[in-house]
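Trainee: I have a structure to read and would like to go through it feature by feature. Where should I begin?

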Amino acid sequence: MFVFVFDNTSHYLKNAEMTPQLHDDLINLSFDNLLDFFKIVHLNHLRAFIVRFLNCLKTVVSIPSFSLTCSPYIYAFQDTAIIRRKSYSPDFSSWFRQDAL
Amino acid sequence: MKWIKWEEGLDAFIMWVYGPAGAGKSAIAQTIAEMCEEEMILLASFFFSRSDPSRSNVNPLIATIAYQMTLNLPQVREAILGAIERDPLIFSKSLAVQFKSLIVSPLQPLAEAGFFREQTARRLVIIDGLDECSDPKIQENILEVLGNSQRQHQLPLIFLFASRPEQHISLAFSTGILPNVTTCIALDESYLPDEDIRLFLTDKFQGIRSTHRLRTYIPPQWPLPNVLNQLVRNSSGQFIYASTVIHYVSSIRHKPTDRLDIVLAIRPPQKDLPFAELDALYTHIFTGVEEIEPVLEILSLLLLSDYLVLYLPTIEEFLFLQPGDVELYLGDLSSLVKIGSNQHIKILHASLTDFLLDLTRSKEFWINPRSRHTMFARRCLQLLHNGKQDHPTLKPVILIPKKKMTN
């Protein structure tokens, strides 16, 4: 079921209406409870998820100058298990900027 | 059938049967396929269906046609198998390459040897539900590839396409070489569908009278001619209305006579709308659902997910339901939705999707895509945030989302 969630989160977010509740959910989002899942999920899939998710955030929050350094969403996102798991991409932040932002 | 048997001497090697949802395109395609199979004219058929992941994209199209060719025309079997042996990756190639290797090349030697010398020897390929193939560009590509190959190689094939008259499909049939080689049939008022619908209903009611579990309670003259007339009138030329009535009436949990009385008592509020009777029937069925919100939630998930197919356990977990709940909730919709033995839910007709996503038609049962997406997005974030590391389905399975499959 988590694979379904993993694949569909961005899809639903992209088509969602930005409500205060959704905004709060995004601000407070943490992936810390999914550490075990991230250990076993395919790295390409994880990477695709992050890129899709960030792209989607850009659309959902509609901030023209959206960047890694200015968005509270990304602060929340950066402080998560995904970002801390750096071993699969040494220049993680660079492809963040290229691919997603 | 006259076109298929070359009785009218038409040059067209493509027939396009088009009409709105519920007009009976698939029923006609299915009947023609059965008739032509009996007369050994049918070479292959493919029925696209957006609710069936194995038939909602172009990937299996040529493979299916080629496989059926080996059964219906054994002379091409060796050539087709040889093509696959020479290039095991053939099915991942473009549609044009697949068509050339698996259809054109195997047929050409036979054609050159005079196997199809008589015009009447041409064989039929049926492709139904072209508009239900996932990507409009691919739908156009199918028409382009088949049209061009046929013109270039003069194959002994004729193609019957059935689809809704979507703009891009209409445009494809009216540009390039297609208008010169296509004959069209519109399933609208002009083809007088009432008699076909009457025949269909008569046949199905006969079936219910003779096979239903409670058939002993059904009078032999049921339904009376005036009732049949009313049902034909209510259908307004749409087979889907008649078909939904039959599904509803034949429920094994109810007396068919009672169910038909209920259908006859339904009165649409505005009779002049194009789907008034069908919508009234759908509305009635949804009104009878005991707990409507979870049912709409399940249907929303089915209609709005990025996956082609959803299985019961995934739906139940995602919506925080208990195992077996989805089947229970959808029990009242058995005339509209089918749960297969593979635990995959199938919406029986595309018109139900149209109904549910159109506020003016479904009203209180409307599935609002924006708010449902928001709800599901929040559910996803909640699940990601909370995690459930000990979950039994926590395994590294990579499923293919819709977008990737269409590519």
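**Strands, confidence and contact**

Mentor: Begin with how strands are joined. In this predicted model, strand 3 (residues 123-128) of chain B and strand 4 of chain B run parallel and are joined by 6 bridges.

Trainee: Which residue is the bridge partner of Ile126(B) in strand 4 of chain B?

Mentor: Leu160(B) is the partner of Ile126(B). Between the two strands, the chain passes from strand 3 of chain B through helix 5 (residues 136-153) of chain B to strand 4 of chain B, a β-α-β crossover that is right-handed.

Trainee: Which strand pairs with strand 4 of chain B over 5 bridges?

Mentor: That is strand 1 (residues 14-18) of chain B, and the pairing is in the parallel sense. One point to locate is Tyr18(B), whose bridge partner in strand 4 of chain B is Ser163(B).

Trainee: Why is strand 4 of chain B described as largely enclosed by the rest of the structure?

Mentor: For burial, count neighbours: a residue is buried if 20 or more other C-beta atoms lie within 10 Å of its own. In strand 4 (residues 157-163) of chain B, 7 of the 7 residues are buried, so the strand is largely enclosed by the rest of the structure. Look at each face in turn. One side carries Leu157(B), Phe159(B), Phe161(B) and Ser163(B), the other Ile158(B), Leu160(B) and Ala162(B), and all of these are buried.

Trainee: How many of the residues of chain B count as buried?

Mentor: The share is 37% of the 407 residues of chain B. Chain B has 19 helices and 7 strands. Of its contacts with a separation of 6 or more, 71% are between residues 24 or more positions apart.

Trainee: What is the average pLDDT of chain A?

Mentor: pLDDT is the predictor's confidence in each residue. Chain A averages 64, and 50% of its residues score at least 70. Among the elements of chain A, helix 1 (residues 2-14) has the highest mean, 84, and helix 7 (residues 92-100) the lowest, 41. Over residues 81-101 of chain A the pLDDT is below 50, and this stretch has 27 contacts in the model beyond near neighbours in sequence.

Trainee: How many residues does each chain bring to the contact?

Mentor: Chain B brings 31 residues and chain A brings 30 residues. On the side of chain B that touches chain A, helix 18 (369-386) and helix 14 (312-318) each supply at least two residues. Helix 18 of chain B gives the most, with 15 residues. By type, the residues on this side of chain B are 15 nonpolar, 12 polar and 4 charged.

Terms used:
Residues numbered from 1 in each chain as written. Chains lettered and ligands numbered in written order. Predicted model: local features only at pLDDT ≥ 70, side-chain atom pairs only at ≥ 80, totals over all residues. pLDDT = per-residue confidence, 0-100. Helix = DSSP H or I, 4+ residues; strand = E, 2+ residues; numbered from the N terminus. Contact = placed C-beta atoms within 7 Å. Buried ≥ 20, exposed ≤ 12 C-beta atoms within 10 Å, placed from the backbone. Pairing = 2+ DSSP bridges. Right-handed = clockwise from strand over helix to strand, strands pointing away. Nonpolar A, V, L, I, M, F, W, Y, C, P; charged D, E, K, R; others polar.
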